[in-house]
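Trainee: I've got a model open and I'd like to talk it through. Can you take my questions one at a time?

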Amino acid sequence: MSEKISEAELVVMEALWEAAPQTANDVADRVATDRDWSLQTVKTLLSRLMAKDVIAADQDGRRFLYRPMVARDDYVAGEGGRLVNRLFGGRISPLVAQLAQQDQLTADDIAELEAILKGLKS
């Protein structure tokens, strides 16, 4: 995925990752609880996502059914990698150190990290 997804587009993507395929009305209904967006706004965001080739639409009579073309895990991995590369020179340890210094790591987070590292060593 070469083009960045905006925060608003990400809200639409999250709706499509939760359930697909969906019509524009379905997506608008799903995001309505968090956002006060009109149907036209949702359709604009869907069009932008189609132009970025991250979703596709299949015609179903007079309506379109939208579905993601990028898996959520793939998107998260790509964004995580870009963040680490851009802010930490591609190294994870400075990111973890930064989180620890800001007291943003819970005991559960630390236990998960330890388990991951233990699994990598074996």
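## Walking through the model

Mentor: Sure, and keep in mind that this is a predicted model. To start, the protein chain has six helices and two strands.

Trainee: In what order do the elements of the protein chain run from the N terminus on?
Mentor: We have six helices and two strands to place. Starting at the N terminus, the order is α-α-α-β-β-α-α-α.

Trainee: What radius of gyration does the protein chain have, set against a compact globule of 122 residues?
Mentor: Look at the box first: along the principal axes, the C-alpha atoms fill roughly 55 × 30 × 25 Å. A compact globule of 122 residues would come out near 14 Å, but the protein chain has a radius of gyration of 18 Å.

Trainee: How is the protein chain split into domains, and what distance separates their centres?
Mentor: The domain assignment gives domain 1 as 1-89 and domain 2 as 91-121. Taken over C-alpha atoms, the centres of domain 1 and domain 2 are separated by 30 Å.

Trainee: What percentage of the residues of the protein chain count as buried?
Mentor: The cut-off here is a relative accessible area under 20%. As for surface, the protein chain exposes about 8,500 Å², with carbon and sulfur atoms supplying 50% of it. Of the 122 residues, the buried share is 25%.

Trainee: How far apart are the centres of the positive and negative side chains?
Mentor: The protein chain carries 15 positive and 20 negative side chains. The centres of those two sets lie apart by 4 Å.

Trainee: Which residues does a cis peptide bond join?
Mentor: Most peptide bonds are trans. In this chain, there's a cis bond with omega about 0°, and its proline lies in the loop between α1 (7-18) and α2 (24-31). The bond joins Ala 20 and Pro 21.

Trainee: Is Asp 53 buried or exposed?
Mentor: Asp 53 lies in the loop between α3 (39-51) and β1 (55-60), and its phi is near 60°, a positive value in a residue other than glycine. Exposed means over 50% relative accessible area. Because Asp 53 has 59% relative accessibility, it counts as exposed.

Trainee: And Asp 103, is that buried or exposed?
Mentor: Asp 103 is in the loop between α5 (92-101) and α6 (107-121). Its phi is near 55°, again a positive value in a residue other than glycine. The relative accessible area of Asp 103 is 70%, so this residue is exposed.

Trainee: How far is the C-alpha atom of Asp 29 from that of Ala 15?
Mentor: Asp 29 sits in helix α2 and is exposed, with a relative accessible area of 58%. Along the chain, Asp 29 and Ala 15 are 14 residues apart. Their C-alpha atoms are separated by 9.7 Å.

Trainee: Which residues does Arg 72 touch, leaving out those up to four places away in sequence?
Mentor: Arg 72 belongs to helix α4, residues 72-88. At 37% relative accessibility, Arg 72 counts as partly exposed. Its C-alpha atom is separated by 19 Å from that of Thr 23, 49 residues apart along the chain. With residues up to four places away not counted, Arg 72 touches Glu 14 and Trp 17.

Technical notes
Residues are numbered from 1 along each chain as its sequence is written. This is a predicted model: local features need pLDDT of at least 70, side-chain atom pairs count only at pLDDT 80 or more; totals for chains, interfaces and linings use all residues. Side-chain values use heavy atoms; hydrogens and water are left out. Helices (H or I, at least four residues) and strands (E, at least two) are DSSP runs, numbered from the N terminus. The radius of gyration is taken over C-alpha atoms; the globule rule is 2.2 Å times the number of residues to the power 0.38. Buried means under 20% relative accessible area, exposed over 50%, partly exposed in between (1.4 Å probe, protein chains only). Accessible areas come from the Shrake-Rupley method with a 1.4 Å probe; for residues, only the protein chains shown count as cover. Lys and Arg count as positive and Asp and Glu as negative; His and the chain ends are not counted. The place of a charge is taken as NZ of Lys, CZ of Arg, CG of Asp or CD of Glu. Domain bounds come from an automatic or database domain assignment. Contact means heavy atoms within 4.5 Å.
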